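Could you walk me through this protein, one piece at a time? I would like to see how its strands, its core and its surface are put together.

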Amino acid sequence: MKYLLALASAGTVIACTGIATAVQPSLSFATLEDRQPRDPLLPSNQSADIVEHTPQTDIAPAVHAISAAIPAGTPRAAAEAVVARAGGHCRRRDASSERCIYFDVETRDEYVDAIHWNVRLNLTGDQVQGFSVDRSWVRS
């Protein structure tokens with residue numbers, strides 16, 4: 001009887017673990033942000049209130065992750081849901097594009113960086129045909 005109880009408990013743990021994994025989003029802007037190299041610490045006269053754009057080479061892994069989560073042909077509503085689960089939100093611009101954003105704030109020494117991820121979904125009909133990604137930050 002002890003062995004059956006132990007096996008049943010182990011099965012419950014495995015089942016619960018599987019459920020928790022299935023519910024977690026495969027894309028997370030917070031995770032993408034955590035994986036970014038630190039933004040350069042520029043002299044204060046060069047960095048305050050100036051919008052800086054992260055080089056495409058630095059965000060290439062994030063672009064790949066977004067591409068895997070929102071491949072071409074994804075319905076617009078499904079793409080919006082992926083972005084929402086990842087921590088962002090989308091707003092339709094016109095019939096052929098939608099702007100999705102994620103905002104974060106980071107501190108670095110005595111500075112505060114406002115981080116913006118901008119994903120532009122290019123739509124044909126009601127499906128994603130491609131996208132572009134820009135990550136910008138403003139230090140104050």
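Let's begin with Val119, which you will find in strand β4, a stretch covering residues 111-124. Keep in mind that this is a predicted model. Is Val119 buried or exposed? Its relative accessible area is just 2%, and the cut-off for buried is under 20%, so Val119 counts as buried.

What does Val119 touch, once we leave out residues up to four places away in sequence? Its contacts are Phe29, Ile66, Glu98, Arg99, Cys100, Phe131, Ser132 and Val133. You can also look at Ile101: it sits 18 residues from Val119 in sequence, yet the C-alpha atoms of the two are 6.2 Å apart in space.

One of those contacts of Val119, Cys100, deserves a visit of its own. A disulfide is a covalent bond between the sulfur atoms of two cysteines. Here, Cys100 forms one with Cys90, and their sulfur atoms are 2.1 Å apart. The pair links distant parts of the chain: Cys90 belongs to strand β2 (residues 89-94) and Cys100 to strand β3 (residues 97-108), with their positions 10 residues apart in the count. The torsion about the S-S bond is about 100 degrees, so this disulfide is right-handed. The count for the model comes to one disulfide. Cys100 is buried too, because its relative accessibility is 1%.

Now for the core. In soluble globular proteins, nonpolar side chains tend to be buried together. The largest nonpolar core of this model has 22 residues, and Phe29, Ile66, Ile70 and Trp117 touch the most other members. Which elements each supply at least two residues of this core? They are α2 (29-34), α4 (56-69), α5 (76-85), β3, β4 and β5 (127-139). Strand β4 gives the most, with five residues.

Take a closer look at Trp117. Setting aside residues up to four places away in sequence, Trp117 touches Phe29, Leu32, Glu33, Gln36, Ile59, Ala62, Cys100, Ile101, Tyr102, Val133, Asp134 and Arg135. Phe29 and Cys100 are therefore familiar from the list of Val119 contacts, where they appear as well.

Let's finish at the surface. Val112 is found in strand β4, the strand that also holds Val119. Val112 has a relative accessible area of 34%, so it is partly exposed. Together with Phe103 and Val105, Val112 forms a nonpolar patch on the surface, and the three share about 250 Å² of accessible area.

Terms used: Residues are numbered from 1 along each chain as its sequence is written. This is a predicted model: local features need pLDDT of at least 70, side-chain atom pairs count only at pLDDT 80 or more; totals for chains, interfaces and linings use all residues. Side-chain values use heavy atoms; hydrogens and water are left out. Helices (H or I, at least four residues) and strands (E, at least two) are DSSP runs, numbered from the N terminus. Buried means under 20% relative accessible area, exposed over 50%, partly exposed in between (1.4 Å probe, protein chains only). Contact means heavy atoms within 4.5 Å. A disulfide is a pair of cysteine sulfur atoms within 2.5 Å. Patches are made of residues with over 30% relative accessible area and no salt bridge: like charges are joined within 9 Å, nonpolar side chains (Val, Leu, Ile, Met, Phe, Trp, Tyr) within 5 Å. Accessible areas come from the Shrake-Rupley method with a 1.4 Å probe; for residues, only the protein chains shown count as cover. A salt bridge is a side-chain nitrogen of Lys or Arg within 4 Å of a carboxyl oxygen of Asp or Glu. A nonpolar core is a set of buried Ala, Val, Leu, Ile, Met, Phe, Trp, Tyr and Cys residues joined through side-chain atoms within 4.5 Å.
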